[in-house]
Amino acid sequence: MQKNISVTDLRIGQSFENIPFALKELEVKMSRQGKQYYNVNYGDKSGEIRGKIWTENMRNVDEGLKVGDIVSISGEVQEYAGKPQVIISRMNRVTDMAPEEFLPTTSRDRSQMADDIEVAINSVQNENLKALLLSFWNNPEYKDKFINYPAGMYVHHGYVGGLLEHVWEMWQLSQPYLKIYPKLNRDLYFTGLFFHDIGKLEELDVVGATIVMTKEGSLLAHISLGVLFLEQMIRKEFSDFPVDLKNKLFHLILSHQGELEYGSPVKPQMLESIVLSMVDANGADMNQATKHIEKHMDSEDEFTEYHKWLRRSLYKGD
């Protein structure tokens with residue numbers, strides 16, 4: 001099967017048949033008349049769109065479909081609450097297409113970003129921190145996940161290579177701070193930056209063609225998972241790791257979201273953690289802003305639609 005229509009190609013009033021997409025949500029709902037129907041969310045590399053499968057067409061849906069499956073969809077694009085949605089007449093499983101074809105991917109060069117991060121690791125002077133970084137980086141499984149995992153589901157860097165890109169962008173944003181404020185402990189700061197979102201490797205997973213939240217992610221969230229991961233790693237491999245250094249490193253991870261209401265259990269209390277929380281927010285906001293503008297470039301409006309996380313519309317420029 002070939003894919004010749006993407007989500008961004010769909011227009012109000014358009015009908016299409018047997019176009020493959022990645023299934024991101026399939027939920028049985030009940031209408032006010034007591035009839036069942038499906039709420040559907042599906043997408044591809046270009047974006048996502050919602051759909052409905054009304055009662056009379058539920059028989060045209062393959063049994064056993066699950067999130068992450070590639071499905072062939074037929075339907076018509078209609079407008080609902082000012083946004084497009086597809087009234088789906090048929091949805092069937094597709095088995096001859098790779099899930100990777102439907103996953104959004106970083107537009108940056110992953111190999112180059114990984115090389116830049118490796119240079120930074122090798123430049124660390126503190127023996128304990130360098131040994132910890134190299135132990136992780138030289139583990140093929142950990143390194144592969146770090147390079148290819150997303151950094152989020154929806155908010156920012158929610159695509160293949162997103163975690164690496166987020167860390168790389170933060171490291172680039174950090175350079176002026178390191179130059180202007182020489183009292184910053186560069187080794188400690190970089191190690192905290194490198195590991196600050198390491199819990200995402202357990203919080204998120206890629207299932208088929210969809211990024212999903214794991215059970216551990218829902219119960220513990222990435223900050224807790226990151227600290228637990230490093231604690232176990234240090235206990236197993238570095239029994240003589242200095243306690244004070246470990247506590248400072250954990251503080252960087254625990255405080256990196258800056259405010260208690262943003263999910264950090266403690267606020268930044270060190271120079272390094274203050275800078276880390278700022279570049280983390282800067283990188284996340286800029287990623288959301290640029291992706292949101294790109295999403296709305298086809299519109300003739302000067303401003304994008306309202307962005308619920310940034311709490312504003314964005315000017316698209318000239």
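Before the sheet, one term: two strands count as paired here if DSSP finds at least two bridges between them. By that rule β3 and strand β5, residues 83-93, are paired, with 3 bridges in the parallel sense. Keep in mind throughout that this is a predicted model.

Let me stay with β3 for a moment. Within that parallel pairing, Arg50 stands opposite Gln85 in β5. β3 also pairs with strand β2, this time in the antiparallel sense and over 7 bridges. β2 covers residues 36-44 and β3 covers residues 47-53. The two form a hairpin, with 2 residues between them. If you want a position to look at, take Tyr38, which stands opposite Ile53 in β3.

Now β5. Strand β4, residues 70-80, pairs with β5 in the antiparallel sense over 10 bridges. An example from β4 and β5 is Glu76, whose bridge partner in β5 is Ile87.

What do the strands close into? They make a barrel of 5 strands, in the order β1-β2-β3-β5-β4, and the pairing is mixed. Neighbouring strands of this sheet are turned by 50° against each other on average, with direction ignored.

Next, the helices and the nonpolar core. The largest nonpolar core has 47 residues. Those touching the most other members are Leu132, Phe136, Phe146, Phe190, Phe194, Phe195 and Leu230. Two or more residues of this core come from each of α1 (110-122), α2 (127-137), α3 (140-148), α4 (162-180), α5 (186-195), α7, α8 (243-254) and α9. The largest share comes from α4, with 7 residues.

Last item, a pocket. I will take the second largest pocket, with a volume of about 950 Å³. How many residues line the second largest pocket, and which lie nearest its centre? The lining has 32 residues, and Val155, His156, Gln257, Tyr262 and Ala284 are the ones nearest the centre. By class, the lining residues divide into 14 nonpolar, 9 polar and 9 charged.

As for where the lining comes from, α6 (200-203), α7 (215-237) and α9 (271-295) each supply at least two residues. α9 gives the largest share of that lining, 7 residues. Note that α7 and α9 have come up twice: both give two or more residues to the largest nonpolar core, and both supply at least two residues of the lining of this pocket.

That covers the barrel, the core and the pocket.

Technical notes. Residues are numbered from 1 along each chain as its sequence is written. This is a predicted model: local features need pLDDT of at least 70, side-chain atom pairs count only at pLDDT 80 or more; totals for chains, interfaces and linings use all residues. Side-chain values use heavy atoms; hydrogens and water are left out. Helices (H or I, at least four residues) and strands (E, at least two) are DSSP runs, numbered from the N terminus. Axes are lines fitted to C-alpha atoms, for helices over the stretch in contact, and angles run from 0 to 180 degrees between N-to-C directions. On a 1 Å grid over the protein atoms alone, a cavity is a set of points where a 1.4 Å probe fits but cannot get out, and a pocket is an open set with protein on both sides within 12 Å along at least five of seven lines; lining residues have an atom within 4 Å of a point. Grid points are joined across faces, edges and corners, and a volume is the space filled by probe spheres set on the points. Ala, Val, Leu, Ile, Met, Phe, Trp, Tyr, Cys and Pro count as nonpolar, Asp, Glu, Lys and Arg as charged, and the others, Gly among them, as polar. A nonpolar core is a set of buried Ala, Val, Leu, Ile, Met, Phe, Trp, Tyr and Cys residues joined through side-chain atoms within 4.5 Å. Buried means under 20% relative accessible area, exposed over 50%, partly exposed in between (1.4 Å probe, protein chains only).
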